[in-house]
Amino acid sequence: MTRRDGRLLRWDIHETHLDEAAFRWSQWEQALDAPDFTLADVAELEEQLAAHVDGLVLGGAPVARRLLEPALTSEEPERIVAATLALLGSDAPTGPAALLAALAEAEPPTLTPLQRAFELNCPPDLGAGLSSLLKQGDTRPELQALALDTLGAQGLVDAPLCQPFVTHPHPLVAAAALRAASRSRVAVEPTAIQRALESKAPLLREAAIAAGLQAGHRNAWATCQAAAEPQGRGGRMPLLALALNGDERDLKVLLGLLSVEPRRPDVLWALGFSGRLAAADACLEQMHDKATAALAGEAFSAITGLRIEGPFVRPPEEEPEEPTPLESEDLDADLKLKPEDALPVPHAERVAAWWQENRPRFDARQRYLAGQPLTPQALLEALTTAPMRRRHALALELAFRSRGAIQVPTRRWVSTQLQAWTEARATPASSYSRPFAEGLRG
């Protein structure tokens, strides 16, 4: 035992706090993308995480030196985040200094959990240290990207700090600079966005699309349309943007892509945000395909409001009694669970019967969100009720529609999200009522 302020420290208790904080962090982070969690559920997990972090903070400098600082070099990312959050929550002046020192030696796998913790809590001393990193000519690109993303998430980026990095030769840095500019509402030259749109690096193109659409640049929209060609490049973001805009012509393009099997999962994800009846019809057809049934059910539910539960869920198939022969196993398969693995498989026939009865009450000219007309107010309210994994795209639509005026950070603490959401509710609905592809400039 060690004495602190005349009291004995129970090391076993603080070690348990660190273990539990790491575990609760893992739960909380996974819940942000869960299809079966809402914001209220995440708030409960957050309280449990905060309790263990607070327990570590109360240990003061002895716990920081003996447990937290050594944990910064752990091979377990969740342990790094837990220790970092506790160091950031401490009033000890050595906390930010220890973290900045750890950055200098950290390898890329360690930087990711450090950045995640910094995005949630960035006290002034740490923010000043990260700003200094950006002003040093010999800073590693991955550290520059971390600093930009962190400061951008906190709204601490200004034009002189950010703009030089938008055209950085390293895609990781340029993408972080574009994200930081968008989050801090720093204007970016159209030529810089165009250069990023033409990049061969997917992460830079995606950042340029988001920054460009938020700023109202026509070329970003043209890039999305080009990516929706059958042989187009671009992944999920361009298809999602087409769906979020809600135009029926874009919807037809997306529906045509359902025949391109490799792109079908991304198309189904996007269709759920289109809000259109034709998309719901297409999703119903895809429920008959075992490979896409769960994603199709999720998208159908997002449009129509039908909960895929109870009689609308297909009973799980019985596992074969005999194990799969070793020579038949796919040894290269990715066994890591994905958020969509938690989706129920819909009972296609029963869903079809429900749709036949209920479809007449929907208007084909209207977009729908969870069975209700998608109005600006409904879009905003959905951020407090929608499944967690869908809220990120809904927040993106609000940012696009409002040209960046409304930004709800869906990967921050719940209290931070609710504060941003409350501020958004005070914004006139007229500022985000039109499809965001209207009024784009060159």
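## Right-handed or left-handed?

A crossing of two helices counts as right-handed if the near helix is turned clockwise from the far one by less than a right angle, and as left-handed if the turn is anticlockwise. Keep that in mind as you look at this model, which is a predicted one.

Let's try the idea out on helices α14 and α16: their crossing is right-handed.

## Helices α14 and α16

Two packed helices are described by the angle between their axes and the distance between the axes. Helix α14 covers residues 236-245 and helix α16 covers residues 264-274. Their axes cross at roughly 25° and come within 8 Å. Angles under 35 degrees count as roughly parallel, and that makes α14 roughly parallel to α16.

So who is touching whom? From α14 come Arg 236, Leu 239, Leu 240, Ala 243 and Leu 244, and they meet Asp 266, Val 267, Trp 269, Ala 270, Phe 273 and Ser 274 of α16. Sort these contact residues by class and you get eight nonpolar, two charged and one polar.

## Helices α6 and α8

Now find helix α6 (residues 108-120) and helix α8 (residues 141-153), which have their axes 9 Å apart and pack at an angle of about 15°. This pair is therefore roughly parallel. Here too, the crossing of α6 past α8 is right-handed.

On the α6 side, the contact is made by Pro 108, Leu 111, Gln 115, Phe 118 and Glu 119. On the α8 side, look for Glu 142, Leu 143, Leu 146, Asp 149, Thr 150 and Ala 153. The contact of α6 with α8 splits into six nonpolar, three charged and two polar residues.

## Helices α1 and α3

Closer to the start of the chain, α1 packs with helix α3 (residues 60-71) at an angle of about 35°, and the axes of the two are 11 Å apart. The way α1 passes α3 is a right-handed crossing.

Trp 11, His 14, Glu 15 and Leu 18 are the α1 residues in this contact, and they meet Pro 62, Val 63, Arg 66, Leu 67, Leu 68 and Ala 71 of α3. By class, that gives seven nonpolar residues, two charged and one polar.

## Inside the nonpolar core

In soluble globular proteins, nonpolar side chains tend to be buried together. In this model, the largest nonpolar core has 142 residues. Which residues have the most contacts inside it? They are Leu 130, Leu 178 and Phe 300.

Take a closer look at Leu 130. Setting aside neighbours within four places in sequence, Leu 130 is in contact with Leu 100, Leu 103, Phe 118, Cys 122, Leu 146, Ala 147, Thr 150 and Leu 151. Some of those names should ring a bell: Phe 118 of α6 and Leu 146 and Thr 150 of α8 also take part in the contact between those two helices.

## Two buried residues

Is Pro 35 buried or exposed? Its relative accessibility is 15%, so Pro 35 counts as buried. You'll find Pro 35 in the loop between α1 (11-31) and α2 (39-57). Not counting residues up to four places away in sequence, Pro 35 touches Glu 298, Pro 339, Ala 342, Leu 343, Pro 387 and Arg 389. Pro 35 and Asp 341 are 306 residues apart in sequence, yet their C-alpha atoms are 9.2 Å apart in space.

Ser 184 is another one to find, in helix α10 (residues 171-184). With a relative accessibility of 17%, Ser 184 counts as buried because the cut-off is under 20%. Beyond its neighbours within four places in sequence, Ser 184 is in contact with Leu 151, Gly 152, Gly 155, Leu 156 and Val 157.

## Out in the loops

Arg 185 sits in the loop between α10 and α11 (190-197). Its relative accessibility is 54%, so Arg 185 counts as exposed. Check its backbone as well: phi of Arg 185 is near 60°, a positive value in a residue other than glycine.

Ala 370 also has a positive phi, near 55°, and is not a glycine. Look for Ala 370 in the loop between β3 (368-369) and β4 (372-373). At 47% relative accessibility, Ala 370 counts as partly exposed.

Last stop: Lys 135, in the loop between α7 (124-134) and α8. Lys 135 has 67% relative accessibility and therefore counts as exposed. Lys 135 and Leu 161 are 26 residues apart in sequence and 8.2 Å apart in space, C-alpha to C-alpha.

Note on methods: Residues numbered from 1 in each chain as written. Predicted model: local features only at pLDDT ≥ 70, side-chain atom pairs only at ≥ 80, totals over all residues. Heavy atoms only, no water. Axes fitted to C-alpha atoms, helices over the stretch in contact; angles between N-to-C directions. Helix = DSSP H or I, 4+ residues; strand = E, 2+ residues; numbered from the N terminus. Parallel < 35°, antiparallel > 145°, perpendicular 65-115°, else oblique. Contact = heavy atoms within 4.5 Å. Nonpolar A, V, L, I, M, F, W, Y, C, P; charged D, E, K, R; others polar. Buried < 20%, exposed > 50% of the residue type's maximum accessible area, 1.4 Å probe, protein only. Core = buried A, V, L, I, M, F, W, Y, C linked by side-chain atoms within 4.5 Å.
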